[in-house]
Amino acid sequence: MLAGMELRQLRYFVTVAEEGNISRAAQKVFLTQPALSLQIKALEEAIGQPLLDRQAHSIRLTPAGQTLLQEARELLRHADLTIERVRAMGDRIRLRVGYAPSLATDILSVAVEAFTHKHPTARVEMLDLSTNEMRTGLENCELDLAVSIETKHDVKGVEWKPLLRAPWHLAVNEHHALCSRTKVTPIEVAREPLLVFCQRDYPEYWSIVTGWLRQHRQRPKIAGEYDGIHSLLAGVQSGLGVGIVTSRSANLISRRVRLTTLSKAPNPLCIAAGFRGERATDKPLGVLIEELRLAANYIT
């Protein structure tokens, strides 16, 4: 299309062409007849071709006008669709959720499914992150929600809604001597090569596990640090050591790994939904948190 042409003028032209009469078209677009005639004339000047064959009581399209009518209808249709898409994007809900697979995969999937039924245009992004990454994401407002451990040393301004509590277990290879034990003591755990989550990325986990062993006057034999539950369980499955995990990991373990009960286990882990306090009145976020709570009650 030529530079001097405006969408508004094209709409006026299409209306005139469809009505076949300047006066009726002027009424339809809420302009006076002279004003509409000036707009059509300006369009003709921009194109450099006459578009209308004006007669006493009617108009006819010139060949250039007939071509422009077809092109203008298509152009205006695309313009209208573009505007609708932009408006829809502006109204679309977008929530970025950080989570730990070992703690929240099942409840999060159920909650998000229920949430999107209520908000079908919503976009929920689920990000597999470490505890520290989630904390940083909340602090920098890069995350709207984190489903993780309820930390004692929270980022300022972050609130937590408890969802469930998960007891601790010892993950062992199916052929390990401790596999058949009813309960495993802290002393027995301390004798084994221990596979743990990376201290840098999971400081709360590290504090809980090492603190529990120190409480029982034991020192862990750290045999490997892992960046996530899947790699840690792979290490256990390979016989590289044992791992202390919560019951929430049960749906992730293979048949070659077993969860055994810990004697005098650490306090159950509180899994919670964390968000910035200023978002407390955000209705879509509140709906997702409520769906998480319902999913946690249903699954547990």
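What volume does the second largest pocket have? About 210 Å³ in this predicted model, and the views below start there before moving on to the sheets.

**View 1. The second largest pocket and its lining.** With a volume of about 210 Å³, the second largest pocket has 21 residues in its lining. Look for A100, S102, L103, F197 and Y202, the lining residues that lie nearest the pocket centre. Among the elements that each give at least two residues to the lining are helix α5 (101-118) and strand β5 (145-149); α9 and β11 do so too. By character, the lining splits into 12 nonpolar, seven polar and two charged residues.

**View 2. The six-stranded open sheet.** Here the strands run in the order β8-β12-β7-β11-β9-β10, with mixed pairing. At the edges sit β8 (183-184) and β10 (221-226), and each of them pairs on one side only. Zoom in on β8 and you'll find two bridges tying β8 to β12 (residues 257-262), the two strands running parallel. One residue to pick out is V184, whose bridge partner in β12 is L262.

**View 3. Helix α9 across the six-stranded sheet.** Helix α9 (residues 229-237) lies across β7 (168-173), β9 (193-197), β10, β11 (242-246) and β12. Relative to β9, helix α9 runs at about 170 degrees. Keep the pocket in mind here, as α9 and β11 each supply at least two residues of its lining.

**View 4. An aromatic pair between β7 and α8.** The model has three aromatic pairs, one of them made by W168 and Y205. This pair is tilted, with 50 degrees between the planes and 6.0 Å from centre to centre. W168 belongs to strand β7 and Y205 to helix α8 (residues 203-215), so to speak a long-distance link: the two are 37 residues apart in the chain.

**View 5. The five-stranded open sheet.** This one goes β4-β3-β5-β13-β6, again with mixed pairing. Strands β4 (123-128) and β6 (158-166) are at the edges with a single partner strand each, so one side of each has no neighbour in the sheet. On average, neighbouring strands are turned by 20 degrees against each other, direction ignored.

**View 6. Strand β3, its edge partner and helix α6.** Six bridges hold β3 (residues 94-99) to β4, and the two run parallel. Y99 stands opposite D128 in β4. Packed on the sheet is helix α6 (residues 131-139), touching β3, β5, β6 and β13 (269-276). The direction of helix α6 makes about 145 degrees with that of β5.

Definitions and conventions
Residues numbered from 1 in each chain as written. Predicted model: local features only at pLDDT ≥ 70, side-chain atom pairs only at ≥ 80, totals over all residues. Heavy atoms only, no water. Pairing = 2+ DSSP bridges. Helix = DSSP H or I, 4+ residues; strand = E, 2+ residues; numbered from the N terminus. Contact = heavy atoms within 4.5 Å. Axes fitted to C-alpha atoms, helices over the stretch in contact; angles between N-to-C directions. 1 Å grid on protein atoms, 1.4 Å probe; cavity = no way out; pocket = protein on both sides within 12 Å on 5 of 7 lines; lining within 4 Å. Points joined across faces, edges and corners; volume = space filled by probe spheres on them. Nonpolar A, V, L, I, M, F, W, Y, C, P; charged D, E, K, R; others polar. Phe/Tyr/Trp six-rings, centres within 6.5 Å; stacked < 30°, edge-to-face > 60°.
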